[in-house]
Amino acid sequence: MGFGSIKNVGTVPVNSIVKERNENGPYKNFTDFCERIADEAVNKKCIESLIKAGVFDEFEQTRSTLLASFETIIDTIQAGKKKGLKGQVSMFDIGTEEEKEELKEIKYTFEEHEELQNKELLSLEKEMLGIYISRTSLRKNKESN
């Protein structure tokens with residue numbers, strides 16, 4: 001199912017997300033996605049809709065965690081970009097790639113929550129897509145076989 005079918009996600013954000021992925025590879029995690037599209041035409045409402053539709057389900061955080069945390073993470077990224085001056089080095093720019101990744105994870109705080117009930121997840125999908133896609137009875141039957 002294409003991003004364009006998700007409520008509040010238009011062609012401009014979709015093109016920005018796909019272009020960034022094609023130029024710089026797959027998104028590693030939710031914060032990687034947010035950092036890479038921060039200067040693009042992808043606003044908070046669009047990200048919220050992507051979360052509700054289950055776009056980030058392959059990453060480690062639950063939808064409820066992302067819904068509780070995404071605004072703070074976006075604000076942190078945008079504030080960092082505004083403060084950042086060309087040529088200025090921060091503590092996140094020093095060290096090996098592994099050390100940089102560890103520091104980035106510390107930089108972002110997720111408000112951890114248990115996953116929503118199946119009924120609530122389905123309701124979010126129906127709201128954003130008009131249909132259920134992730135937890136249908138057909139999928140449940142397939143997984144139990």
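Start by selecting Arg36: in this predicted model, Arg36 counts as buried, at 17% relative accessibility. Now add Glu20, which is buried as well, at 12% relative accessibility. Show the side chains of both and you will find a salt bridge between Arg36 and Glu20, with 2.8 Å between the closest N and O atoms. Arg36 sits in helix 2 (residues 30–37) and Glu20 in helix 1 (residues 11–24), so this pair ties together parts that are 16 residues apart in sequence.

Keep those two on screen and add Asp32. Glu20, Asp32 and Arg36 are linked in a network of salt bridges. Asp32 is itself one of the buried residues of helix 2.

Next, colour the whole of helix 2 by accessibility. How many of the residues in helix 2 are buried? The count is eight of eight, so you can expect a helix that is mostly covered, given that buried means under 20% relative accessible area. Besides Asp32 and Arg36, the buried residues here include Phe30, Thr31, Phe33, Cys34, Glu35 and Ile37.

Two of those names lead to the next stop, the aromatic side chains. Select Tyr27, Phe30, Phe33, Phe56 and Phe59 together: they form one aromatic cluster. The model has four aromatic pairs in total. Look at Tyr27 and Phe33, whose ring centres are 5.0 Å apart with the planes at 70°, so this pair is edge-to-face. Tyr27 is buried, with a relative accessible area of 12%, and Phe33 is buried too, at 3%. Then turn to Phe56 and Phe59: their ring centres lie 6.3 Å apart and their planes meet at 25°, so this pair is stacked. Both Phe56 and Phe59 are buried.

Now move to helix 3 (residues 44–53) and pick out Glu48. Which residues does Glu48 bridge to? One partner is Lys45, where the closest N and O atoms are 3.7 Å apart. Another is Lys52, with a closest N and O separation of 3.5 Å. The spacing along the helix is worth a look: Lys45 and Glu48 are three residues apart, and about one helical turn separates them. Lys52 and Glu48 are four residues apart in helix 3, again separated by about one helical turn.

Try accessibility colouring on this trio as well. Glu48 counts as partly exposed at 22% relative accessibility, and Lys45 is also partly exposed, with a relative accessible area of 45%. Lys52, by contrast, is buried, at 13%. If you would like to hunt for the others, the count of salt bridges comes to eight.

For the last stop, select helix 6 (residues 118–129). Helix 6 has twelve residues, and the distance from its first C-alpha to its last is 16 Å, close to the 16 Å expected at 1.5 Å a residue. Highlight Leu121, Leu122, Leu124, Glu125, Met128 and Leu129, which are buried in helix 6. Where do these residues lie when you look down the axis of helix 6? The buried residues fall within an arc of 160°, so they line one face of the helix.

Finally, step just past the end of helix 6 to Gly130, which takes a positive phi of about 85°.

Notes. Residues are numbered from 1 along each chain as its sequence is written. This is a predicted model: local features need pLDDT of at least 70, side-chain atom pairs count only at pLDDT 80 or more; totals for chains, interfaces and linings use all residues. Side-chain values use heavy atoms; hydrogens and water are left out. A salt bridge is a side-chain nitrogen of Lys or Arg within 4 Å of a carboxyl oxygen of Asp or Glu. Helices (H or I, at least four residues) and strands (E, at least two) are DSSP runs, numbered from the N terminus. Buried means under 20% relative accessible area, exposed over 50%, partly exposed in between (1.4 Å probe, protein chains only). Rings of Phe, Tyr and Trp (its six-membered ring) pair if their centres lie within 6.5 Å; planes under 30 degrees apart count as stacked, over 60 as edge-to-face and the rest as tilted. The expected span of a helix is 1.5 Å times one less than its number of residues. The arc is that of the directions from the helix axis to the C-beta atoms.
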